[in-house]
Amino acid sequence: MKRRDFLKKTIMVVAGASVPLSALDLVDPKEVLAANPDIHWAFLIDTHKCVGCGFCVKACKTENDIPFDAKVTRTWVERYVYTKDDRRYVDSPDGALYGYTESRIDLGQGNFKEIDPANVGKAFFVPKLCNHCETPPCTQVCPVGATYKTDDGVVLVDRSWCIGCGYCIMACPYGARFFHPVEKVADKCTFCYHRITKGLETACVNACPFGAREMCNIRDINEPTTKIIMNQRVGVLKDEFGTRPQAFYIGLAQEVR
Amino acid sequence: MLEQAAHLVVHGEAWTVKELFVLPNEYIYWSIQIVMYPFMTGLVAGAFVLSSLYHVFHVEKLKEIAKFSLVFSFSLLPVAMMPLLLHLQQPFRGINVMMTPHFTSAIAAFGIVFTTYACIVATELWFVYRAYFVTTALELKAKANKGAIDTFRQLLFSVLTLGAWDISKEAQQKDHKACTKMAAIGIPVACFLHGYAGFIFGSVKANALWMTPLMPVIFICSAVVSGIALCILYYVVVQEARKFMARRKLARWAKDPSAPTAEQLEGAKKEEVEITSNYLMYFMIAAITLEILDLIFRGYTQVKSWDILREVIMERDFIKIFVLQYGLGNALPFLMMVLPGRNVRRTTIACALVLFGVFMMRWNVVIGGQAFSLSFAGFMHYHLPIIPHDMETFKEGLFGALTVMTTPFVLFYFLNMIFPAFMVDKEDAQH
């Protein structure tokens, strides 16, 4: 074979072979793991157990360096009071940082409402935090991708890249986001990612004296908390937005929004 | 201690008053600068659409105001981004939007549309003024005893020609054709630009007032309305100033015998204002119809959020929406323009009211959309910071808004030295 023919044929073979080869995808083990991660964090709140002590709010602020007196918080507790004459009152003074030690309802602007205990129909507390949605609107709208979802289902904010536009705060239907008063970037609950990735509990779960808050790996069906989420009647907040929240509630009243 | 206390004031706390049950993290986060943002963007888009009426649809009588509005649109352009930058908590990272755009975000897409639009306006402007750059550069080159300013101007205009020195009739015809093409591309891009501003709000599903697919269309229509109204208003003011200068023989009127007389200026003003205000009315009808349709639709369908929306729209913000926006900003100016005996003065006052109406529409959307809590059980009131006591209350207060509002006029003053908005073509002058 002449050298010229050899070169011609080589080029033809390489070109011909490269077409079907380009269709092959090299498998990266990391990508496979990301598509089917072993861990997906979820949160369970038992509203029957919450007494509104506010220990969780305090623990969260301390753990995550949110200035104690700043009027923003990564987690908070709401109080719902229904009177027998069918009126609804809700409040969450300072996010329940100091707990509910008073029976009167905070109406804002320095006004309070005292409710006759005999007139109370039902009353309960609802702890809230970021729902770490399956389809989070906050990550969708972030113009720079500073807020993102990890492979194990936690929504985080990159403080070094956030431009502070507030679009994610507007997009969150749960009011879970705010501007950090010191860092001047969007902030929110991280499920204490620095703790859970080391096998520890979140600060709020750890601080709750009544076991109203639990965390679990929803992919591990042998975990007791996962079993509750799988087997019992649990609800999520604002399902109508299609965000598929990963914070589940036991005893969620329909009036809670 | 004081420093620590200052840190504790969270963003929005200085101007938000909460009533009843509002979630702890909720504040009026998008304040006056985010009202200014769609308002200024709308002015850019509207001014460009007005200029395109001549360049694309060949409405010959609008020739003068078209050139003026194109230059004015260019001076409004940088100001459209200004409120966003002033609003950012990390303004120096604003460029990140262009560096790492996240394409699922409407704001990131807006940056791209905005840049495209800026390129189109700049290109169109170049085609309109290329011959002027060449002649000015050649005149300055031929001039003897040049001072430092003339040398600088010669350099500037030479650079602006971008090496295209051919000003033959054929070349100029090509410029004209290219200009028409750019203007034609520019119209949908301008609408898209403002549609995107509307989309930024309309796509926020968490907000019951903003969440409507009509939002981008409503924004486009009111943008064109505001842009045309501002062009008429500013055109009248500039023409009045020119008339004053013509009468007193000031500036070019002292040395240039071909400069238009006060009577000519008055005549041109009358004609341009009359025709332009007709277009203004058409767009006003479209804008008001869509806004009212949105309101009726919400009231008719009465979904879950309607209870709180009704309280905000019909009670708490009634004066802002129905008296100031629809009454003073829409109905009154519309009547002023429709009733017989319309003259320039009446149209000018009507245009000022229209601008106020569009500003109120932006205010009612942006601030009104945050007036109620996500809990649907509480309200937030916005108190515009007037006297600034720190950078935040300056940026997001009255003076921040006034800075944004006055910047395009300052820019126009300087841009007019490079792109003379009232330049008369030599051919026209001979007729």
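Trainee: With which residue does the side chain of Asp294(B) meet in a salt bridge?

Mentor: This is a predicted model, in which local features need pLDDT of at least 70, side-chain atom pairs count only at pLDDT 80 or more, and totals for chains, interfaces and linings use all residues; side-chain values use heavy atoms, with hydrogens and water left out. Residues are numbered from 1 along each chain as its sequence is written, while chains are lettered from A and ligands numbered from 1 in the order in which they are written. A salt bridge requires a side-chain nitrogen of Lys or Arg within 4 Å of a carboxyl oxygen of Asp or Glu. With an N to O distance of 3.3 Å, the partner of Asp294(B) is Arg298(B).

Trainee: How many residues apart are Asp294(B) and Arg298(B) in helix H10 of chain B?

Mentor: Helices (H or I, at least four residues) and strands (E, at least two) are DSSP runs, numbered from the N terminus. An α-helix has 3.6 residues a turn, so residues three or four places apart point the same way. In H10 of chain B, Asp294(B) and Arg298(B) are separated by about one turn, at a spacing of 4 residues.

Trainee: Is Asp294(B) buried or exposed?

Mentor: Buried means under 20% relative accessible area, exposed over 50%, and partly exposed in between (1.4 Å probe, protein chains only). Arg298(B), the salt-bridge partner, has a value of 10%. Asp294(B) has a relative accessible area of 13% and is classed as buried.

Trainee: Which residue meets Glu266(B) in a salt bridge?

Mentor: The partner lies 3 residues away in H10 of chain B, about one helical turn from Glu266(B). Glu266(B) is partly exposed at 27%, whereas the partner is buried at 3%. The N to O distance is 3.2 Å, and the partner is Lys269(B).

Trainee: Turning to chain A, which residue forms a salt bridge with Asp187(A)?

Mentor: Asp187(A) lies in strand S10 of chain A, and its partner in the loop between strand S8 (155–157) and helix H5 (167–171), so the pair ties together parts that are 28 residues apart in sequence. Asp187(A) is buried at 2% relative accessible area, and the partner is partly exposed at 31%. The closest N and O atoms are 2.7 Å apart, and the partner is Arg159(A).

Trainee: Which residues are linked with Asp187(A) in a network of salt bridges?

Mentor: Not counting neighbours within four places in sequence, Asp187(A) is in contact (heavy atoms within 4.5 Å) with residues including Ile66(A), Ala176(A) and Phe178(A). The salt-bridge network links Asp187(A) with Arg74(A), Arg159(A) and Glu183(A).

Trainee: How many disulfides does a search of the whole structure find over all chains?

Mentor: A disulfide is a pair of cysteine sulfur atoms within 2.5 Å. The sulfur of Cys189(A) is 5.5 Å from the closest cysteine sulfur, in Cys130(A), which is too far for a bond. For Cys221(B) the closest cysteine sulfur, in Cys191(B), is 8.5 Å away, again too far for a bond. Over all chains, the number of disulfides found is 0.

Trainee: How many salt bridges does the rule find across the interface of chain B and chain A?

Mentor: Between the two chains, 47 residues of chain B are in contact with 54 residues of chain A. The side chains of Glu240(A) and Lys304(B) meet in a salt bridge at 3.8 Å, N to O. Across this interface, the number of salt bridges is 1.

Trainee: What is the area buried between chain B and chain A?

Mentor: Buried area is the accessible area (1.4 Å probe) that two parts lose on being put together, summed over both. Carbon and sulfur atoms give 60% of the area between these chains, which is about 4100 Å².

Trainee: Which residues of chain B lose the most area to chain A?

Mentor: The residues in question together account for 16% of what the chain B side buries. They are Phe21(B), Asn25(B) and Lys205(B).

Trainee: What covers the buried residues of H11(B)?

Mentor: Helix H11 of chain B spans residues 306–316, and its buried residues are Trp306(B), Ile308(B), Leu309(B), Val312(B) and Ile313(B). The covering elements, all of chain B, include helix H10 (262–301), helix H12 (318–338) and strand S2 (378–382).
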